[in-house]
Amino acid sequence: IFLDTTTGYTYDDLIFLPGHVGFGVQEVDLTTEIVKGIELRNPVISSPMDTVTEVNMAISMALEGGLGIVHGDQPAEAQAKMVEKVKSFENGFILDPVCMKPTNTVGDVLKLKQERGFSTVMVTANGSLGDKLLGIVTSRDVDLEQEEHVELATVMTSDPVTKTEPTTLAAANELMQSAKVGKLPIVSDTGELLALITRNDLKRCKEYPLASRDANKQLLVGAAV
């Protein structure tokens, strides 16, 4: 090949002229299946480097239709917590909401907020998912409470607005708008807590229509091994 005469080009030798297309940019579809069963609307993946992809980058990538790969230059437990934060950022149906007993305290909720960044708690009879829903605690219930030893039974909102299973996100959103609530517990016909929906997650679904989500409407995220 080195004995043959060939022609070489540099960037300066080439000029790309735009041509006419008969469709708008909104009609362009870049959807790509990166692995079997997982598609990205904007097929861009961020590098699994400690200076590139942590929680904020992974969330931003997923919201825009791409995918962030959380770096592995850290203990597995720390990496798992990062993945958990990304998955909990946008949930649709939250299938594992935090539950506490009526005898838990405001201090328990404040500790949760410090560790995980949110303070919405479902109060159930035995503090577990699948138990009878008794009330709901949000930041407005605990932020101004001076005494951390006060039990949740005292500050919780009793008899919150709920939606009975089965339901859809559209039906839940309609109820939240009409009832003017930001959190909507999903319960069985006998009142046991099954899931939770939040207004913020529904708003993000509209704001980021190309976002990379799984079947439960949670953001997609990868983790380096």
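This short talk walks through a few strands, one loop residue and one pocket in the structure above.

Please keep in mind throughout that we are looking at a predicted model.

Let me begin with the sheet that holds β9, β10 and β11. These three strands form an open sheet in the order β9-β10-β11, and the pairing within the sheet is mixed. What stands at the edges of this sheet? The edge positions belong to β9, residues 163-164, and to β11, residues 193-198, and because each of them has a single partner strand, one side of each is left without a neighbour in the sheet. Looking at the pairing of β9 in detail, we find that β9 and β10, the latter covering residues 183-187, run parallel and are joined by two bridges. Within that pairing, Lys163 has Ile186 of β10 standing opposite.

I turn now to β7 and the strands that pair with β7. On one hand there is β6, which pairs with β7 in the antiparallel sense over four bridges, with Met122 standing opposite Ile136 of β7. On the other hand there is β8, residues 157-158, which is also antiparallel to β7, here over two bridges, and in this pairing Gly135 stands opposite Ser158. As for burial, four of the five residues of β7 are buried, and β7 is therefore largely enclosed by the rest of the structure.

Between β6, at 121-124, and β7, at 133-137, runs a loop, and Asp131 is located in that loop. Is Asp131 buried or exposed? Its relative accessibility is 16%, and since the cut-off for buried is under 20%, Asp131 counts as buried. If we set aside the neighbours within four places in sequence, the contacts of Asp131 are Thr124, Ala125 and Asn126, together with Gly191, Glu192 and Leu193. A related distance concerns Leu194, which is 63 residues from Asp131 in sequence, while the two C-alpha atoms are 8.5 Å apart in space.

Finally, a word on the second largest pocket, which holds about 210 Å³ of space. Which residues line the second largest pocket? The lining consists of Ile136, Thr138, Arg140, Thr157, Pro160, Val161, Val181, Gly182, Lys183 and Pro185. Sorted by class, five of these lining residues are nonpolar, three are polar and two are charged. To tie this back to the strands, Ile136, which we met opposite Met122, is among the residues that line this pocket.

Terms used. Residues numbered from 1 in each chain as written. Predicted model: local features only at pLDDT ≥ 70, side-chain atom pairs only at ≥ 80, totals over all residues. Heavy atoms only, no water. Pairing = 2+ DSSP bridges. 1 Å grid on protein atoms, 1.4 Å probe; cavity = no way out; pocket = protein on both sides within 12 Å on 5 of 7 lines; lining within 4 Å. Points joined across faces, edges and corners; volume = space filled by probe spheres on them. Nonpolar A, V, L, I, M, F, W, Y, C, P; charged D, E, K, R; others polar. Buried < 20%, exposed > 50% of the residue type's maximum accessible area, 1.4 Å probe, protein only. Contact = heavy atoms within 4.5 Å.
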